[in-house]
Amino acid sequence: MEATLTELLDGLTEIYTRQKVLYGKLAEIALWEAEAIKKRDMLGLIDLQQVEGQLMEQVQVLDDAKAQLKEVLLSKLPGRRLTMDQLACAAEPAAYIAHYKIVSEINNLLSEIEQTKRNNAYELSQTLQLSRHGVGA
């Protein structure tokens, strides 16, 4: 039996939901990294970055699954284009709303992670610069 557009969208939403959990963990790690930088715990920072790398590998696995599912979803749509308007019209409203909501939540989480990472990079550069000049060592 061939999957309906709504079932495919539900599957895609499930993958996004799993990714959101991983991104939530990555957001926590970014905050822990900030603490490690403040404490000048470079070994702790390295450990956190290794865990971060492992989580990113899991995100990539889900990205690959998401790409495959999107390809199947695209094959069901006219013109093979995946736009939110098309999904809103073609899928059941509850499925579309759940999908739209999780994508928005992920985008917000990614923005938070990006900002924390920028702050961490700045703080780390300041810490390293101070260390080179012998301040606070």
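Reader: Let's take contact to mean heavy atoms within 4.5 Å. On that footing, what do the buried residues of α2 pack against?

Author: Happy to start there, and keep in mind that this is a predicted model. The buried residues of α2 pack against α1, α3 (84-90) and α4.

Reader: Nice. Which residues of α2 are buried?

Author: Leucines make up a good part of the list, including Leu45, Leu48, Leu55, Leu62, Leu69, Leu73 and Leu74. Gly44 and Val59 are buried too, along with two charged residues, Glu52 and Lys66.

Reader: How far does α2 reach from its first C-alpha to its last?

Author: It covers 50 Å with 35 residues, close to the 51 Å expected at 1.5 Å a residue. Helix α1 gives a similar picture: its 34 residues reach 49 Å, close to the expected 50 Å.

Reader: And the core? How many residues are in the largest nonpolar one?

Author: There are 29 residues in that core, and Leu9, Tyr23, Leu26 and Leu73 have the most contacts inside it. Two or more residues come from each of α1 (5-38), α2 (42-76) and α4 (93-132). Helix α1 gives the largest share, at 13 residues.

Reader: Tell me about Tyr23. What does tyrosine 23 touch, leaving out residues up to four places away in sequence?

Author: Its partners are Val59, Ile106, Leu109, Leu110 and Ile113. Val59 is one of the buried residues of α2.

Reader: Switching to polar stuff, which is histidine 99, buried or exposed?

Author: Histidine 99 is buried, because its relative accessible area is 4%, under the 20% cut-off. This histidine belongs to helix α4.

Reader: Which side chain does histidine 99 join in a polar contact?

Author: That would be threonine 13, at 3.2 Å. Beyond its neighbours within four places in sequence, histidine 99 is also in contact with Leu9, Leu12, Tyr16, Met84 and Leu87. Leu9 is among the residues with the most contacts inside the largest nonpolar core.

Reader: Okay, salt bridges. How many does the structure hold?

Author: Eight. One of them joins the side chains of glutamate 52 and lysine 117, at 2.5 Å from N to O. Glutamate 52 sits in α2 and lysine 117 in α4, so this pair ties together parts that are 65 residues apart in sequence.

Reader: How accessible is glutamate 52?

Author: Glutamate 52 counts as buried, at 15% relative accessibility. Its partner lysine 117 is partly exposed, at 26%.

Reader: What about lysine 20, which residue does its side chain meet in a salt bridge?

Author: Lysine 20 pairs with glutamate 105, at 3.0 Å. This one also links distant parts of the chain, with glutamate 105 in α4 and lysine 20 in α1, 85 residues apart. Glutamate 105 is partly exposed at 24%, and lysine 20 is partly exposed at 30%.

Reader: Which residue forms a salt bridge with glutamate 114?

Author: Arginine 118, with the closest N and O atoms 2.5 Å apart. The two are separated by about one helical turn, because they are four residues apart in helix α4. Glutamate 114 counts as partly exposed, at 41%. Elsewhere, shared partners join Lys20, Lys101 and Glu105 into one network of salt bridges.

Reader: Any backbone oddities? What is the phi of arginine 40?

Author: Arginine 40 has a positive phi of about 60°, although it is not a glycine. That stands out because most residues other than glycine have a negative phi. Arginine 40 lies in the loop between α1 and α2, and is partly exposed at 33%.

Reader: And the start of the chain? How far apart in space are threonine 4 and alanine 91?

Author: Their C-alpha atoms are 8.6 Å apart, with their places 87 residues apart in sequence. Threonine 4 belongs to the segment before α1 and is partly exposed, at 38%.

Reader: Last one before I set anything up: where is confidence lowest, and where is it highest?

Author: It is lowest in α3, at a mean of 74, and highest in α1, at 96. Across the chain the mean pLDDT is 90, and 95% of residues reach 70 or more. Where pLDDT is low, the predicted coordinates should not be read in detail.

Conventions. Residues are numbered from 1 along each chain as its sequence is written. This is a predicted model: local features need pLDDT of at least 70, side-chain atom pairs count only at pLDDT 80 or more; totals for chains, interfaces and linings use all residues. Side-chain values use heavy atoms; hydrogens and water are left out. A nonpolar core is a set of buried Ala, Val, Leu, Ile, Met, Phe, Trp, Tyr and Cys residues joined through side-chain atoms within 4.5 Å. Buried means under 20% relative accessible area, exposed over 50%, partly exposed in between (1.4 Å probe, protein chains only). The expected span of a helix is 1.5 Å times one less than its number of residues. A polar contact is a pair of N or O atoms within 3.5 Å; within protein, one must be able to donate a hydrogen and the other to accept it, and residues adjacent in sequence count only if both atoms are side-chain atoms. pLDDT is the predictor's confidence in each residue, from 0 to 100. A salt bridge is a side-chain nitrogen of Lys or Arg within 4 Å of a carboxyl oxygen of Asp or Glu.
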